[in-house]
Amino acid sequence: MTGFSEIFLSQQARLERLAAISEPLRQPQEIIRIAEQGRGLEAEDVASLFAAGRDRACRAELPAAANRIRMQWARKTVEFIIPVYLTSFCQNECLYCGYRQSNAIAERVRLSQEDFEKQLDLILSWGHRQIELVLSDDPEFGPDRVARYVAATRRKLDALGGGMVALCSPVYKQENYVRLREAGLDWVVEWQETYHRPHFDRWHSGSSPKRAFESRLDLWDHVIAAGITRIGIGALLGLFDFRHDVLAVIEHGNYLRRTYGIEPHALGIPRLKPARGVLASQKPNRFTVSDDDFRLVVSAYHMAFPTSRLFFNTRESYDLNISLVSAGDLFTVDCETLPGAYLRRHLPGQFTTHDYPPRREVAATLERRGLAVQYLAEETPCPVALAAPAPGTAIDTKGWIDEHAQIRARLQVWEAALQRLSANAAHAAERQAADACLRESLEYFKVVLTTHCRREESELFPALPQDADGTSKLAAFRAEHERFGVDLDKFARQMVSYGLSKDPTVLLTLGSRMIREMRAHLEAEEQMLSSDLGGRTG
Ligand code: SF4
């Protein structure tokens, strides 16, 4: 099965470039207008928000806009959730984690099923109905054993009228998720930690099984194939440049939207915090995420995934979380991160957590803000899915045709530069001018064409007839979009080779093919606009 890793690995250079931009590609007001349509944002939009957010005044305006969007699209509720740790033995060496194998001062507890059920009874008596089972990578706590704990939780919740069981565990094989679903599992939570490969390798040292970067990237393809469509994605903020990792999460979420038509059920916002025996977490490093940056990330996620639940957790102080939580989010109120600690309380766990006021007080505060607190998630259709143009709805295609015209004009500039290079390869001054023009064209297409293709997929393609013909056209267009991205990277590499060898032959052949294919693609899409959507265009 192909998965997200195949696409993501070809997009890394693009994300790194976007994370570093200092000037927005679009103005914040325009991005807010796009977000208000409730269909999410592209990585380019969020990169622009980060760039615009360098200005303090602009940054300060984003939370209010994000809140407005959430109140428009998300449920007006906040759901309580509680983690229940099963084991703290671990065979991994994640350098940021209190449970890493070599941490000699970590408390090691493996919860027996009897103790687990005793603890669960206590938690359920407090009112909780969303239980997140959490475990480290303990060889003695494999998926079959986890399935028994899932089944016990399901049984107890059903006896009380229902509830949700989530799981945050090591990455398993697809068949294990089938088994867990059958045992009563509702959703899966997994953070990629960092999406930046070199830093992922640095933070996960030794022979840790967790070093399998691609398997983590492809996890959701397997979980969905196993029949679980509620998933919680995210990155641990503070392991690398937060801008890069947030853009990668956006990319991952958009991949799930386009490939499977699903919104992430939840989005993790964990931030690296001190843990006992973890030197790397004790003092700030160059990737430390400030409170101000954290607020910016929350606003960006709120806009980019207007109905997904941001997963607020007790790594953060109550005051910070309560000021940021918005409509449709998840909120952790009671949190112990050592197995069995709800019965014993306040033992050091995986990371440092904050004390929170009693649940009733939290609920009252949220209610004063117009948000009802729920212990159980509501099962309502996703508004974003409903927001896709319904058959029969008129579509204004003028904007699309205008953008095609602009892209065609730049294709002409690109073609002229290639011809100039071909005719004057021997003249240094002419070659330099052609080179500059090629570089400029390349940058333009990397940003504009990529953004254009992504918006087409999310805004226009849902309107295609849902028959066999429409589906195969959609698949062909998507494949072409992906190929353009790959070809643009190839072209960039060929520019480097040509710079060294001064032989432009491959560059010229590749460029001519790309221009030909892009023109044919634009034509085919315009054909689609006038035939398949002809009766519905404005
Ligand atoms: S993050 Fe998870 S896998 Fe890594 S050391 Fe901690 S508990 Fe183990």
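**Exercise 1: Tyr 255.** In this predicted model, find the helix that holds Tyr 255, and decide whether Tyr 255 is buried or exposed.

*Solution.* Start with the helix: Tyr 255 sits in H11, which spans residues 242-260. Next, take its relative accessible area, which is 10%. Buried means under 20%, so Tyr 255 counts as buried. Now look for its contacts, leaving out neighbours within four places in sequence: these are Gly 3, Phe 4, Ile 7, Asp 221 and Tyr 260. Finally, pick out Phe 4 from that list. Tyr 255 and Phe 4 are 251 residues apart along the chain, yet 7.3 Å separates their C-alpha atoms.

**Exercise 2: His 404.** Work out which helix contains His 404 and which residues His 404 touches.

*Solution.* Go to helix H17, residues 398-423, and you will find His 404 there. Its relative accessible area is 0%, so His 404 is buried. Then set aside residues up to four places away in sequence; His 404 touches His 452, Leu 522 and three glutamates, Glu 456, Glu 525 and Glu 526.

**Exercise 3: The second largest cavity.** What volume does the second largest cavity have, and which residues line it?

*Solution.* Begin with the count: the structure holds three cavities of 30 Å³ or more. The second largest has a volume of about 50 Å³. Its lining includes Glu 190, Trp 191, Arg 216 and His 252. Sorted by class, the lining has four nonpolar, three polar and two charged residues.

**Exercise 4: Around the ligand.** Which residues come nearest to the ligand?

*Solution.* Nine residues surround the ligand, and those coming nearest are Cys 90, Asn 92, Cys 94, Cys 97 and Ser 136. By class, this shell divides into four nonpolar, three polar and two charged residues.

Technical notes:
Residues numbered from 1 in each chain as written. Predicted model: local features only at pLDDT ≥ 70, side-chain atom pairs only at ≥ 80, totals over all residues. Heavy atoms only, no water. Near = heavy atom within 4 Å. Nonpolar A, V, L, I, M, F, W, Y, C, P; charged D, E, K, R; others polar. Helix = DSSP H or I, 4+ residues; strand = E, 2+ residues; numbered from the N terminus. Buried < 20%, exposed > 50% of the residue type's maximum accessible area, 1.4 Å probe, protein only. Contact = heavy atoms within 4.5 Å. 1 Å grid on protein atoms, 1.4 Å probe; cavity = no way out; pocket = protein on both sides within 12 Å on 5 of 7 lines; lining within 4 Å. Points joined across faces, edges and corners; volume = space filled by probe spheres on them.
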